[in-house]
Amino acid sequence: MFRLMGCIYKDARILKSTVICDESASTRTHKIFSGLNFICLEFDLEKPIWLESNITDFQRHSKTRFTQDNFIEELDFDYLSIEVIEEG
């Protein structure tokens, strides 16, 4: 099972949190992008733009943060965090 957690933070506190489970036979990359799409739908957000720093963080640590720089619309929170919490 593959599980991806998404959290919205403001002032170092979690405002919203969700976990997306994916048991499909898709590739890890597809599961990550699909999970991020579901997280954005649940939180009513546009999809963030992956910057080089996000790609590097995710490759190294299986987690990354999307700040205002990753979104076109104005945010009312500090950042969106995604993290792989289970792979198998």
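**Exercise 1. Strand pairing**

Task: Determine in which sense strand S3 and strand S4 pair in this predicted model, and over how many bridges.

Solution.
Step 1. Strand S3 covers residues 63-66, and strand S4 covers residues 79-86.
Step 2. S3 and S4 pair in the antiparallel sense, over four bridges.
Step 3. A pair of residues illustrates this arrangement: Thr64 stands opposite Ile82 in S4.

**Exercise 2. The partners of strand S1**

Task: State how many bridges join S1 to S2 and how many join S1 to S4. Then identify the bridge partner of Ile8 in S2 and in S4.

Solution.
Step 1. Strand S1 (residues 2-10) and strand S2 (residues 13-22) run antiparallel and are joined by nine bridges.
Step 2. S1 also runs antiparallel to S4, with seven bridges between them.
Step 3. For Ile8, the bridge partner in S2 is Lys16, while the bridge partner in S4 is Leu80.
Step 4. A further residue to locate is Tyr9, which stands opposite Tyr79 in S4.
Step 5. Between the strands of the S1 and S2 hairpin there are two residues, and Asp11 takes a positive phi near 55° in this hairpin.

**Exercise 3. Cysteines**

Task: Find how many disulfides the whole structure contains, and explain why Cys21 does not form a bond with the closest cysteine sulfur.

Solution.
Step 1. A search of the whole structure gives zero disulfides.
Step 2. Cys7 takes part in no disulfide, and the nearest cysteine sulfur, that of Cys40, lies 13 Å away.
Step 3. For Cys21, the closest cysteine sulfur belongs to Cys7, at 14 Å. A disulfide requires two cysteine sulfur atoms within 2.5 Å. The sulfur atoms of Cys21 and Cys7 are therefore too far apart for a bond.
Step 4. The accessibility of the two residues can then be classified. Cys7 is buried because its relative accessible area is 3%, and buried means under 20%. Cys21, at 47% relative accessibility, counts as partly exposed.

**Exercise 4. The nonpolar core**

Task: Identify the residues that touch the most other members of the largest nonpolar core, and decide whether Ile20 is buried or exposed.

Solution.
Step 1. The largest nonpolar core has 18 residues, of which Leu4, Ile39, Leu45, Leu80 and Ile82 touch the most other members.
Step 2. At least two residues of this core come from each of S1, H1 and S4. H1 gives the most, with four residues.
Step 3. Ile20 is found in strand S2. Its relative accessibility is 15%, so Ile20 counts as buried.
Step 4. Ile20 and Ile39 are 19 residues apart along the chain, and their C-alpha atoms are separated by 7.4 Å.

**Exercise 5. The largest pocket**

Task: Describe the lining of the largest pocket by residue, by helix and by chemical character.

Solution.
Step 1. The space in the largest pocket amounts to about 160 Å³.
Step 2. The lining consists of Arg28, Thr29, Ile32, Phe33, Trp50, Ile55, Phe58 and Gln59.
Step 3. Helix H1 (28-42) and helix H2 (52-61) each supply at least two residues of this lining. H1 gives the most to the lining, with four residues.
Step 4. By chemical character, the residues of the lining divide into five nonpolar, two polar and one charged.

Note on methods:
Residues are numbered from 1 along each chain as its sequence is written. This is a predicted model: local features need pLDDT of at least 70, side-chain atom pairs count only at pLDDT 80 or more; totals for chains, interfaces and linings use all residues. Side-chain values use heavy atoms; hydrogens and water are left out. On a 1 Å grid over the protein atoms alone, a cavity is a set of points where a 1.4 Å probe fits but cannot get out, and a pocket is an open set with protein on both sides within 12 Å along at least five of seven lines; lining residues have an atom within 4 Å of a point. Grid points are joined across faces, edges and corners, and a volume is the space filled by probe spheres set on the points. Ala, Val, Leu, Ile, Met, Phe, Trp, Tyr, Cys and Pro count as nonpolar, Asp, Glu, Lys and Arg as charged, and the others, Gly among them, as polar. Two strands pair if DSSP finds at least two bridges between them. Buried means under 20% relative accessible area, exposed over 50%, partly exposed in between (1.4 Å probe, protein chains only). A nonpolar core is a set of buried Ala, Val, Leu, Ile, Met, Phe, Trp, Tyr and Cys residues joined through side-chain atoms within 4.5 Å.
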